Amino acid sequence: MKTNRETPIEISATEFRKIGYRLVDEISNFITTIEKKPVTTGESPKQLQKILGTSSLPENGSSADDILLRASDLLLHHSLLNGHPKFLGYITSSAAPIGALADMLAAAVNPNVGAQILSPIATEIEKQTVKWLAEFIGVSPEYGGVLVSGGNMANFTAFLAARTAKATKSIKEDGLSNATEKLVVYCSQTTHTWIEKAVVLFGLGTKSIRWIKADVNNKMDTRLLEQTIKADLKNGCKPIMIIGTAGDVSTGAVDNLRTIASVCKTYNLWFHVDGAYGIPAAVIPELKTVFDGIEEADSIALDPHKWLYSPLEAGCTLVKDPNHLVETYSSHPVYYNFNNSDELPMQNYYEYGFQNSRGFRALKVWVALQQVGRSGYIKMIGEDIQLSKVLFSLAEKHPELEAVTQNLSITTLRYVPLYYPLSDENREAYLNKLNETLLNELQQGGEVFLSNAVINGKYCLRGCIVNFRTSEKYIVDIIEIITREGKKTHQRLQEVETIKLP
C-alpha cells in the first residue's frame, strides 16, 4: 500500500525552495528598482492579448518552474505600478513589502476564516486586527467588525446592518414589499457611488437617496440635511440612516461629523461614516478636530489597502455594537457544527458579513501594524499630507497651473495655457477639454499617473498621495511633466481647431 499519493499538483520541497527563492529575488529586485520603470506601459488590450496568447485550456500540465517564470515576466513587465513613486491616481497605495510575505504565508496555511473551528489562530488575529484598527482611528476598542475586500463591501456590510436595525423588525421575514413606510437615507452629493449600488441591491431603490448639497468646502450642508429629514417625516417616509464622509474621493473633504452625529441622535437614525480613504488620518494629533464626532458613529468603513499601505484586498467594517452584524447576517443551517466552547463564546466570522468562506485578509494588516507602529503611521501619513500641500503650493505659484483644492492628501489642479484666443463663454469648455485630453495622455505616457475630479464644473487633474515612496523630488518632477505635456496637448488642440476653420 502506497503511503504517499502522487498528484500532478504537488511540488517537491527541493523544487518549491528553488522556485520560491528565485521568485522572492525577482520581487525584491522589482521593488528596489521600481522608480526606474515606467508607471505603466500603456499597452492596449489587443497588444496584451497578443503577448498573453489565445491558446485553449491546456490538456496536459507544464512545469511549475516554467509557469512561474512566465507569470512573473508578464506581471512585472506589463502592469500599472501603483507602487511607483509617481503613481498618484485614484486611492491605491504603495503596498507594504511585508504584506506580500504575509499573503504568501496566509495562502500556504490557507485558513478558512469563516468559522473559528476552521481558523483557530487566524480568527484571533483578525479579532485583534479589528481592535487595533478601532484604536488607531480613535474610537473605542469595543467596536467589533470584520475584514472585507474593500470600500464597497465595507459600506455594504454596514448598510445592511443599519437597515436591519432601523427598519421594521419584520424586515428579515417579510422583506420590503410589505413595508408601509418608504425607507430613506441621507448623504452628501459627493458620496462615493457605493451608495447607489447599495440601495439598488438591497431593495430601497435609487429614489430612497436624499442627496444633500455640499457647501463651498465640499462638506455636507447640515442645515439642509435637517430640513430634508423634517420634510420626509411630514410626508410619511421613514428615515433610517445618515452617511457622513471622512475624506471624499474627489477632494478629501471631511464632513462635520459631530453635527451629523447630533442630528442622528435627534431623529434616532443610524450614523454611518464612510472613511474608506480618509479616516486613517485621524491618528495624527493635529487632525483630531477634523474628525471630531467619529466616536459617535454606529458604523465606520475603512480600507487598510488605501492609507495603511496594505496590499489589496483589505477593507474593514467597524460597528459600535457588533451584535447588529450578528442580527443581520447570522444563520444556523443544520450542516453547521460550529458550537461554542465552554471557555469563551466562539466568534464565527460568517455571522459578521456576506461571506461564509473567507480568506485570511487580516494577516497582512496585522503584521504591518506591528512593523510600523502608531508613530510610524503618524510620520508617513503626515508626510503624504505635507507632499500634497507642496503639490498645491507649486501649482499655485506656476503661471500655467491653477491650484483648485487641497484636503488631507488630495490636491486638484488644472493646466491653464498662458495664451489662447477664446471668448469668456468658451474658456471653461476649452479648459475642460484640454485637461481631459491631457489626463488621457499622462495616463498612457508612463511618466506619471493621475486621476481626475470635477470641481464646480472644472475638469481637474487629481493627485492623491497614499504612497510611502513618493518624495518632494517626485512632486517637482510631476509639476514639470504636467506643464510640459500640457503645452504639447494645447498646441495639438489648437492645430486641430485651425484645421477646422474654413
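Trainee: Let's start with the cysteines. How many disulfides does the structure hold?

Mentor: It holds 0 disulfides. Keep in mind as we go that this is a predicted model. To read this feature, look at the distance between sulfur atoms, where the cut-off for a disulfide is 2.5 Å.

Trainee: Why is Cys264 without a bond to Cys187?

Mentor: Cys187 has the cysteine sulfur closest to that of Cys264, but the two are 12 Å apart, so they are too far from each other for a bond. Cys464 is likewise in no disulfide, as the nearest cysteine sulfur, in Cys460, is 15 Å away.

Trainee: And are Cys264 and Cys464 buried or exposed?

Mentor: Here you read relative accessibility, and under 20% means buried. Cys264 has 3%, so it counts as buried. Cys464, at 1%, is buried as well.

Trainee: Good, let me try a residue in a loop. Where is Thr191?

Mentor: Look between β2 (183-188) and α8 (194-201): Thr191 is in the loop that joins that stretch. Although it is in a loop, Thr191 counts as buried because its relative accessibility is 7%.

Trainee: What does Thr191 touch, and which backbone oxygen lies 2.8 Å from its side chain?

Mentor: For touching, set aside residues up to four places away in sequence; what remains for Thr191 is Trp211, Ile243 and Thr245. As for the backbone, the oxygen of Ser188 is 2.8 Å from a polar atom of the Thr191 side chain.

Trainee: Now the nonpolar core. Which residues touch the most other members of the largest one?

Mentor: A core is read as a network of buried nonpolar residues joined through their side chains. The largest here has 98 residues, and Phe159, Ile242, Ile300 and Ile381 touch the most other members. Helix α13 (residues 362-397) gives the largest share of this core, with 11 residues.

Trainee: What is Ile300 in contact with, beyond its neighbours within four places in sequence?

Mentor: Its partners include Ile137, Val139, Tyr143, His272 and Val273, and also Ile294, Cys316, Thr317 and Leu318. There is also a second, separate core of 27 residues, with Tyr415, Tyr420, Ile465 and Ile475 among them.

Trainee: Last topic: pockets. What is the volume of the largest pocket, and how many residues line it?

Mentor: Its volume is about 990 Å³. The lining has 32 residues, and those nearest the centre are Ile27, Phe30, Leu76, Ala95 and Ala100. To place the pocket in the fold, find α1 (13-32), α3 (64-77) and α4 (97-109), the elements that each give two or more residues to the lining.

Terms used. Residues numbered from 1 in each chain as written. Predicted model: local features only at pLDDT ≥ 70, side-chain atom pairs only at ≥ 80, totals over all residues. Heavy atoms only, no water. Helix = DSSP H or I, 4+ residues; strand = E, 2+ residues; numbered from the N terminus. Buried < 20%, exposed > 50% of the residue type's maximum accessible area, 1.4 Å probe, protein only. Polar contact = N/O pair within 3.5 Å; in protein donor to acceptor, adjacent residues only side chain to side chain. Contact = heavy atoms within 4.5 Å. Core = buried A, V, L, I, M, F, W, Y, C linked by side-chain atoms within 4.5 Å. 1 Å grid on protein atoms, 1.4 Å probe; cavity = no way out; pocket = protein on both sides within 12 Å on 5 of 7 lines; lining within 4 Å. Points joined across faces, edges and corners; volume = space filled by probe spheres on them.
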